[in-house]
Structure formats: structure tokens, C-alpha cells
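Me: I should like to go through this model and ask what each term rests on. Please set every value against its definition.

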Amino acid sequence: MSYHTEYQAACQQPEQFWADKASKLAWYKKPQQILQTDGEQYQWFADGELNTAYLALDYHVEQGRGGQTALIYDSPVTGSRQQFSYQQLTNEVALFAGVLKAHGVMKGDRVIIYMPMIPQAVIAMLAVARLGAVHSVVFGGFAAHELAVRIDDASPKVIVSASCGIEINRLIAYKPLLDNALTMAKHQPDSCIIWQRPQLLADLTTGRDYDWQQLLQTAEPAACVTVKSTDPLYILYTSGTTGKPKGVVRDNGGHAVALHYSMQAIYGMQPGEVFWAASDVGWVVGHSYIVYGPLLAGCTSVLYEGKPVYTPDAGAFWRVCADYKVKALFAAPTAFRAIRKEDPDATLLQHYDLSALERIYMAGERLDPATYDWTVLHSNKPVVDHWWQTETGWAICANPAGIELLPTKAGSATVPVPGYQVAILDHNGQAMAANQQGNIAIKLPLPPGCLTTIWQSPERYNSGYLRQFPGYYASGDGGYIDDDGYLFVMGRTDDVINVAGHRLSTGEMEEIVASHPAVAECCVIGLADALKGQQPVGFVLLKNGIDITEAQLQADLVQLVREQIGALACFKVALIVPRLPKTRSGKILRKLLRQIADGEEYIVPSTIDDPASLNEIAGCMAKRGLISL
Ligand code: COA
Ligand code: AMP
């Protein structure tokens with residue numbers, strides 16, 4: 001089958017196309033209604049019934065694959081490795097589901113999971129899904145405040161966590177962060193279940209906190225609970241333009257169908273083959289391609305607790321690929337930039353047999369041509385850039401290797417995946433010609449697997465994604481489509497930035513910076529960074545009469561952002577400026593600031609209030625070595 005035929009089938013007969021993909025799953029009740037709409041919202045497979053954990057685990061055992069490895073845990077930071085067969089993982093998940101059930105978790109209840117990259121994180125997610133409950137995984141690098149915001153929004157019955165995470169050789173105590181978050185949060189869970197790691201034992205609060213291993217001793221396995229296709233499987237918070245993160249809601253049925261299809265169509269994976277997404281279960285890539293995608297497809301998934309470099313060296317990725325005969329590796333470009341920096345000639349790669357590795361996939365941020373070229377040159381494998389978002393849950397544009405591997409173009413995420421109709425629109429919603437840069441939008445309906453709403457905020461879903469261009473989903477990314485139909489994603493059109501593959505809100509950082517008593521006004525922008533893609537930089541206008549040095553203010557602000565968001569924000573630079581460039585209506589010219597700092601050409605807008613402020617700002621940047629004048 002050619003890509004063109006498959007793509008046209010999905011465009012022209014979407015219901016038939018997706019009914020066919022859905023028929024490959026073992027539903028408890030097969031859907032008859034494929035796509036429904038009330039004019040604005042769409043529902044996939046509304047009358048279908050299933051259980052996602054059953055499809056990911058028990059089903060494969062029933063098919064005789066119980067002995068096959070489902071999950072490989074490889075942890076250079078603890079020096080340990082562990083493998084779980086489908087039968088073992090099913091048993092572990094059923095037993096922990098029993099623990100959750102005994103703690104009152106029922107269909108529809110929320111469970112927050114705040115865990116490092118250990119098998120128990122995967123077990124907890126699948127156990128929640130087994131009960132028809134809704135998990136919300138919070139990335140372990142987030143600070144207590146971020147966790148508290150998510151606790152209040154998701155109102156979980158139970159929180160599952162671990163005593164610590166390990167960052168290369170540094171222990172991160174999770175339990176004090178959780179305790180702090182619970183002090184800040186208005187909502188309190190009935191209980192917290194803690195996996196005690198031998199590297200650091202956590203203090204437990206009697207009556208609220210429970211030791212996971214102790215609870216297992218008296219647990220009874222729980223059966224899979226039937227849910228409707230449209231019932232939520234999980235909530236995953238992601239950064240928007242304001243300080244309040246958005247809880248992306250994923251359904252059960254559309255998600256299972258889309259991920260199952262993607263494993264074959266995009267990644268070319270067959271049951272029994274090994275897939276490795278070098279991400280974190282706290283991000284959408286981890287949800288879709290460490291946990292659900294590979295298991296729904298009957299593959300073996302690798303869970304890696306380590307970094308691309310320093311654990312112990314820049315050969316770590318190649319070592320894991322060789323050790324487990326990984327067929328497809330998926331990571332963020334920043335990881336390869338880190339490897340290239342440490343090992344520019346890829347000498348470490350020569351130590352490993354990469355014959356099983358067929359393709360390398362990258363996403364999460366723009367794949368710059370230099371990183372693409374380096375990876376292709378040294379690995380001698382096809383490198384597939386693909387574009388997607390937390391909201392979509394799977395790739396919007398990719399090189400669909402399982403259907404037809406198309407010629408690649410450096411800097412392009414290739415073509416729309418069957419099911420997505422991608423358009424470039426101008427600000428009035430008019431389609432733009434080939435090669436013209438505009439807003440990337442997706443024609444409704446979105447295919448199965450994409451967000452169904454924003455948790456507790458359906459209005460935010462409508463206003464944030466559907467209203468800007470009626471009939472389309474507004475992606476928030478800008479870019480163009482070339483004459484061959486290839487998409488080039490050039491970056492966000494809003495105040496979201498991407499730091500080391502982590503999506504962050506500059507609006508949120510501005511709220512934190514503005515809370516400092518010395519700050520009158522501020523703006524935070526993402527500047528280009530050779531390793532992490534972007535790095536946030538703050539520009540601060542002091543209140544009158546305040547006496548503080550730039551070094552002291554910067555130290556305070558760095559600490560504040562670390563405390564409120566977490567170290568992953570990488571907020572390290574703050575400049576005191578005499579004025580911020582603004583329009584006459586008072587809007588800060590953020591894009592202009594970024595262009596000056598990144599050395600891009602820019603046009604001074606006619607609406608600028610005081611053009612002299614630009615020279616002052618450039619002077620401040622030069623003084624700090626951000627630019628040379
Ligand atoms: N728990 C606690 N802290 C964490 C954390 C976690 N899970 N993840 C990151 N951090 C901390 C780091 O320890 C570091 O803290 P520090 O400032 O005190 O040193 C800070 O957050 C920044 O971390 P990171 O962005 O990982 O930078 P780094 O310099 O340590 O490593 C890379 C650079 C490129 C190796 C790393 O960013 C990386 O592997 N990126 C890939 C990201 C990825 O896979 N994203 C998923 C999208 S698909
Ligand atoms: P997240 O929701 O964290 O996955 O981040 C999604 C955002 O990351 C997108 O909106 C893009 O801005 C960016 N992104 C993801 N993949 C790519 C890609 N392949 N090329 C360019 N940008 C990407």
C-alpha cells in the first residue's frame with residue numbers, strides 16, 4: 001500500500017478507515033457508531049466498550065505471548081536491569097490494581113502518579129487504567145508548587161509516588177516535595193502510596209501514607225473494569241500561555257486505536273520487536289511510546305532510567321540499543337546534541353552492534369539540520385523527524401515508515417499522517433500557498449487519539465484550540481508546506497518555549513518573576529541555545545527606589561523559578577533593563593526582543609512607542625555577553 005492511497009482513504013472515508021483500524025483490537029463491545037458530533041465536539045467509537053490495560057497486557061497473555069518480554073528496565077543510575085514478561089507485568093498490575101481498589105479507587109476516580117523512571121511508574125499507570133480510573137502523571141522534575149496545582153485541578157483520590165529519583169549521581173527526595181505540595185494544595189487525597197527505594201527511605205505520615213511493598217503482602221488482584229470508549233484514560237498537564245497548566249484529557253477507545261495503528265504505520269513495529277522511547281513517563285512521549293503504544297502492539301518496551309550522556313558516557317544510547325536489539329529508537333533532538341557535544345566523532349558508537357536498529361525517530365522540538373545530518377552520518381540509519389504535541393498524543397506529520405518510507409528532507413517532519421489534514425492558514429483563517437509561512441492548523445475532525453477536552457475547562461478547549469480558525473484545530477505552531485506537501489515546523493506562535501524537549505510557558509515564568517518585590521515589570525523570552533534548543537531569559541524593570549544588584553536579583557529569580565516550577569525550567573539569566581520595548585498600546589514586543597538576541601533580521605514596527613529602547617536593550621544584552629554589538 002502506498003502512502004498516498006492510505007492517506008486518501010483516511011481523508012475520503014474516515015469512518016470506514018477508522019472502523020477498520022478499530023476492528024484490530026479486542027473490544028469488549030465492538031463500536032457500531034464510529035464518529036459522532038454535536039457540531040463542535042467529536043466522539044470516536046462512542047458505543048464501544050473496552051479496557052485499555054486489558055488490551056495492553058491480558059490480551060497478549062491470552063494470545064499465548066505471556067512469556068514474551070513486555071518491559072525492560074535499564075537503570076545505569078542504580079546499576080540495575082530487570083525484565084518483565086507479559087504474564088509477570090499482568091500479575092503485577094492486577095495486584096497493584098487490587099491495592100488501589102482497597103484504597104477506594106473506582107471507575108472515574110483520579111490518581112496522581114509522581115514517580116521517577118522505575119517499573120512501578122508503569123505498573124501504577126496500567127493499574128489505574130485496569131480499574132477504569134483516570135491517571136495523571138506529573139513529571140518528577142516538577143517542583144512542589146507545580147504538583148500542588150495539578151493536585152487541586154485533578155482532585156485525586158490517591159497519590160502514588162516513590163521515595164526518590166536519581167539525577168545522574170544525585171538523589172532527589174520526592175517525598176518532601178509531595179509533602180510540601182500537599183501543604184500548599186486545597187484538595188487532599190485519601191491516601192498516598194509510596195514505593196520505597198533502597199537509596200533513600202521516605203518518612204511516612206501515619207493514617208495517610210502507605211508503603212507500597214507492605215500493601216502488596218495482603219493485596220488481592222483486581223479484574224479489568226469495562227469502560228466506554230469515550231471515558232477518560234488519563235489527564236496530562238501541559239504548558240499553555242498562562243500560569244495555569246492545561247489538563248489534556250485522553251479517551252480510552254480513540255487512544256487505543258490510534259496508538260495501535262501508529263506502531264505499525266509510523267514506526268513499522270510488529271509484535272515481539274523491541275521499541276525504545278528515551279523519554280520520561282511524565283511526558284506524552286512516555287505515555288504513548290514507553291507505555292501504551294508498544295504494549296498495545298505486543299512489542300517489548302524499554303524503560304531507561306538515565307541520561308544520554310554521563311550515565312556513564314555518550315555511548316549510553318548506543319549501548320542500550322545494542323544490548324536489547326532495539327529496532328526503533330525515539331528521542332528528542334536535544335539528546336543527540338548532547339551526545340554530539342561529548343563525542344563529536346561518535347567514536348563510542350563503534351563499540352556497539354547496531355545491526356538490529358532500523359530507524360531513529362525524533363520529536364519534541366525542531367530537529368535542526370545539523371543534528372539531523374550528524375545522526376544520519378554516524379548511525380547510518382534513516383532518521384525520522386515527526387511532529388506532534390501533548391494534545392494530539394501521536395504524530396501529526398511523520399515519515400510513515402510502516403506504510404512507505406518517503407524521501408526525507410532535513411528540517412521537515414515530512415507529510416501528514418493518515419487521519420490528519422494539515423493546512424497553513426493566515427491570521428484570517430485563509431489557506432496560504434505552498435512555501436508561505438503561517439499558522440499550522442488541522443482540519444476537524446481530529447483523528448482518534450487526540451485530546452477530547454481540557455479537564456474541568458471545556459471552555460478553555462474551545463477558546464484555546466477551536467475558535468481561532470472555525471472548522472480547524474489551531475496547533476499553536478507556525479510553519480509552511482512546500483511544493484511536495486512536506487511540512488516544515490518553524491516554532492510556536494504563542495508564548496510557549498521548548499527547553500531540552502520540555503514544553504514550558506514563559507507566561508508562567510513571568511508571573512513568578514513579577515512576584516519578586518523588586519520587580520515592576522518583566523518579560524521572559526526563549527533564546528536560541530545550541531544544546532537545549534531554547535533557554536529562558538528574563539528582562540526586568542525595577543521598581544523606583546529599589547537598590548539591588550543584577551547578580552543578586554538574578555540569584556533570587558533563579559531560586560524562585562526553581563522552587564515554583566523546578567530545575568527543568570533552566571531559568572538562569574535575568575537582566576535589569578531601563579525600559580522594555582512596547583507598542584503604543586503597551587504590549588511588550590517579545591518577538592522583537594528575541595530577534596535582537598538571536599541575531600535575526602527584524603523590522604522595527606511602526607507601532608513601537610519608543611525606538612530608542614531597542615538600543616538600550618541591545619546594550620544590556622551585549623554587556624551580559626548574550627550578543628556582540
Ligand atoms: N527529576 C528531578 N530533576 C530533574 C529531572 C527529574 N526527572 N529531570 C531534569 N531534572 C533537573 C536536572 O537535574 C537539572 O538540574 P540542575 O539545574 O540542578 O542541574 C535540570 O533539571 C535541568 O535538567 P536537564 O534539562 O535534563 O539538563 P541537563 O543539563 O541535566 O541534561 C540533556 C541535558 C540534553 C542531557 C537532557 O536535557 C536530556 O536528556 N534531554 C532529553 C529530554 C527528553 O527526552 N525530553 C522528552 C521529550 S521527547
Ligand atoms: P509537547 O506538547 O511537550 O510534546 O510539545 C509540543 C510542541 O513541541 C509542538 O507544539 C512544537 O512546538 C514542538 N515540536 C514537537 N515536535 C516537533 C518537531 N518534530 N518539529 C518541530 N517542533 C516540534
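Me: Which residues come nearest to ligand 1, and what makes a residue near?

Reply: A residue is near when one of its heavy atoms lies within 4 Å of the molecule. Of the 21 residues around ligand 1, E167, R170, K307, K532 and R562 come nearest. This is a predicted model, in which local features need pLDDT of at least 70 and side-chain atom pairs pLDDT 80 or more, while totals for chains, interfaces and linings use all residues. Residues are numbered from 1 along each chain as its sequence is written, ligands are numbered from 1 in the order written, and side-chain values use heavy atoms, without hydrogens and water.

Me: Why is the pair formed by E167 and ligand 1 called a polar contact?

Reply: A polar contact is a pair of N or O atoms within 3.5 Å; within protein, one must be able to donate a hydrogen and the other to accept it, and residues adjacent in sequence count only if both atoms are side-chain atoms. A polar side-chain atom of E167 lies 2.8 Å from an oxygen atom of ligand 1, so the pair qualifies. For K307, a polar side-chain atom lies 3.0 Å from a ligand 1 oxygen.

Me: Why is the link between R503 and E391 called a salt bridge?

Reply: The term requires a side-chain nitrogen of Lys or Arg within 4 Å of a carboxyl oxygen of Asp or Glu. The closest N and O atoms of R503 and E391 are 2.8 Å apart, and therefore the pair meets the definition. Between domain 1 and domain 2 the count is one salt bridge. The domain assignment, automatic or from a database, gives domain 1 as 3-306 + 386-465 and domain 2 as 496-623.
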